[in-house]
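This report looks at a protein–DNA assembly from two sides, beginning with the surface that faces a DNA strand and then turning to the contact between the protein chains.

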Protein chains: 2
Amino acid sequence: MGSVHNFVSLPSRPQSPSIPDTCVNCTARSLTICASLNPQEQAEVAAVATELVFKPRQIIFHEGDEAAFVYNITSGSVALSKSMADGRRQITGFLGPGDFLGFNARASHSVSAETLTDVHVCRFPRRAFHELLARIPPLEHRLLTVATTELEAAQDQILLLGRKTAMERISTFLLMQIERAKARGGVANPLILPMTRAEVGDYLGLTIETVSRCFTKLRKSNVISLLSADRVCINAPEALSALADASD
Amino acid sequence: MGSVHNFVSLPSRPQSPSIPDTCVNCTARSLTICASLNPQEQAEVAAVATELVFKPRQIIFHEGDEAAFVYNITSGSVALSKSMADGRRQITGFLGPGDFLGFNARASHSVSAETLTDVHVCRFPRRAFHELLARIPPLEHRLLTVATTELEAAQDQILLLGRKTAMERISTFLLMQIERAKARGGVANPLILPMTRAEVGDYLGLTIETVSRCFTKLRKSNVISLLSADRVCINAPEALSALADASD
DNA sequence: CGACCCCTTGAGGCTTCTCAAAATCCGTGG
DNA sequence: CCACGGATTTTGAGAAGCCTCAAGGGGTCG
């Protein structure tokens, strides 16, 4: 079926406990979107969903593009970013499985979305998705919870960018990645960073060089060890917490 | 009835076109929350609402407090902020009529809310508000729209804090205030800033001194004039746009 | 084995912050 | 109406943190 196939097949066997490997993404989608929906509602959602697969460093959509689709990530990591005319870029957040992409109040995307890893998404035509929301209150409820949670994360990021030093930003970032890995049930030590130094910098409002210097400083004070550029051993999480800020 | 009274009286006359002056806030609330609700739904909302009045510089709730209530602003301006242990403060946003306060996914407030002006709010017990959401889909829909819009504003703020210079931040801020004044139907020139230099600084991730120096520089280049510290004449809006960033 | 990309390290400069003091505004009271 | 006191804003000088520019190191893949 290639890299794109329809989901209509999923709800045709809603009580099947074991789902074939080839449909593992259906499972993921079902878990993240449909958990509280009844079979008929799940069918309605699946009827308008298309699955897409992206390779690393692919653009899903670009800032300013017409927001024709809403996406839900079933696997992988995605970076959202905004750019200025002279090339300065700010990553506004990293998203993972279960997160929604491209759900806008306006008709155009306010950010760009680029994959960091292999990514599977469910894609919904915008109009159909909004109709679903109107018809299925639990879906709207879930989206509201997601949006509220993202808003709180954005406020944390605003505090970080507005008031924290480079060292505090890096420490906060590492702690955040540890929590994320734990929440996903992954290994938290050594921590795997799916993003480059440039992306870390663009996320934290720093340059590559400053990011690198902070990593080096943490390494030389034995708070972390670097197995490789993207594999970080956390030797002293409590020191990281102290560096990130005693308050908050 | 003092500064606190219940709203149950409002929906008892839903078809009354003229509402007494003493109930002007009911009107505002009705417009902002209940626009798309039928009379019975409006009654349900009003039944759990309490109106509160705050003076300038009062704390509505503090970061970390139990999120016992959800608020909707009917008039005035409110600043949301987060603080660090050593006193560094970051204002995450300014809210006005129609905006919701304290609607959290978690049980505690993630930010503090402080009034800038005289403020009227509708207050809802958290539990009752969530029950309303479950019972009245249009209310949930409106909240989702609001949350999505705020998320987009937060992303703009993240770009500003992560990548813009002091001058760009101030210019962006002034343009934002102009838009806000226009959207509210107020006078955009001279622009009235309800916040102090300290609050502008805490919003833009700058110090008071840097904010003041930028205002002075804009004044000396005739882009703006200062009638007083909080009354700004915009002489060259196009120059502000250019300074804010040619892209975006 | 070599080319390329990413990361690290170094030196110097610039923007913004810090600390300090003067000026202005505003409400209060004579 | 003017004088006073406190708070806010403005201005100045110097310091610091981060950025810019530049070069070197290390890993990966063909």
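In this predicted model, the surface near DNA strand C is made up, by class, of five nonpolar, seven polar and six charged residues. Among the 18 residues around DNA strand C, those that come nearest are A:Arg197, A:Thr216, B:Ala166, B:Glu209 and B:Thr210. On the side of the nucleic acid, sugar and phosphate make up 64% of the atoms of DNA strand C that come within 4 Å of the protein.

In terms of secondary structure, α7 (208-220) of chain A and α7 (208-220) of chain B each supply at least two residues of the surface near DNA strand C, and α7(A) gives the most, with six residues.

Three atom pairs between chain B and DNA strand C are set out below, two of them involving a phosphate oxygen and one a base nitrogen.

| Residue | Protein atom | Atom of DNA strand C | Distance |
|---|---|---|---|
| B:Ala166 | backbone N or O | phosphate oxygen | 2.6 Å |
| B:Thr207 | polar side-chain atom | phosphate oxygen | 3.3 Å |
| B:Glu209 | side-chain N or O | base nitrogen | 2.8 Å |

B:Ala166 and B:Glu209, both listed in the table, are also among the residues that come nearest to DNA strand C; the backbone of B:Ala166 is paired with a phosphate oxygen, whereas the side chain of B:Glu209 is paired with a base nitrogen.

Turning to the protein–protein contact, chain A contributes 49 residues and chain B likewise contributes 49 residues. Between them, chain A and chain B bury about 4,100 Å², of which 61% lies on carbon and sulfur atoms. Within chain A, the residues that lose the most area to chain B are A:Leu144, A:Ile158 and A:Arg163, which together account for 18% of what that side buries.

The polar part of this contact includes eight salt bridges between chain A and chain B, one of which joins A:Asp202 to B:Arg163 with the closest N and O atoms 2.8 Å apart. Counting residue pairs in polar contact, with both residues at pLDDT 80 or more, gives 24 between the two chains. On the side of chain A that touches chain B, the elements that give two or more residues are β5 (78-83), β6 (89-95), α4 (137-163) and α6 (197-204) of chain A, and α4(A) gives the most, with 20 residues. By class, the residues on that side of chain A divide into 19 nonpolar, 15 polar and 15 charged.

Terms used:
Residues numbered from 1 in each chain as written. Chains lettered and ligands numbered in written order. Predicted model: local features only at pLDDT ≥ 70, side-chain atom pairs only at ≥ 80, totals over all residues. Heavy atoms only, no water. Near = heavy atom within 4 Å. Polar contact = N/O pair within 3.5 Å; in protein donor to acceptor, adjacent residues only side chain to side chain. Helix = DSSP H or I, 4+ residues; strand = E, 2+ residues; numbered from the N terminus. Nonpolar A, V, L, I, M, F, W, Y, C, P; charged D, E, K, R; others polar. Contact = heavy atoms within 4.5 Å. Buried area = accessible area lost by both parts, 1.4 Å probe. Salt bridge = Lys/Arg side-chain N within 4 Å of Asp/Glu carboxyl O.
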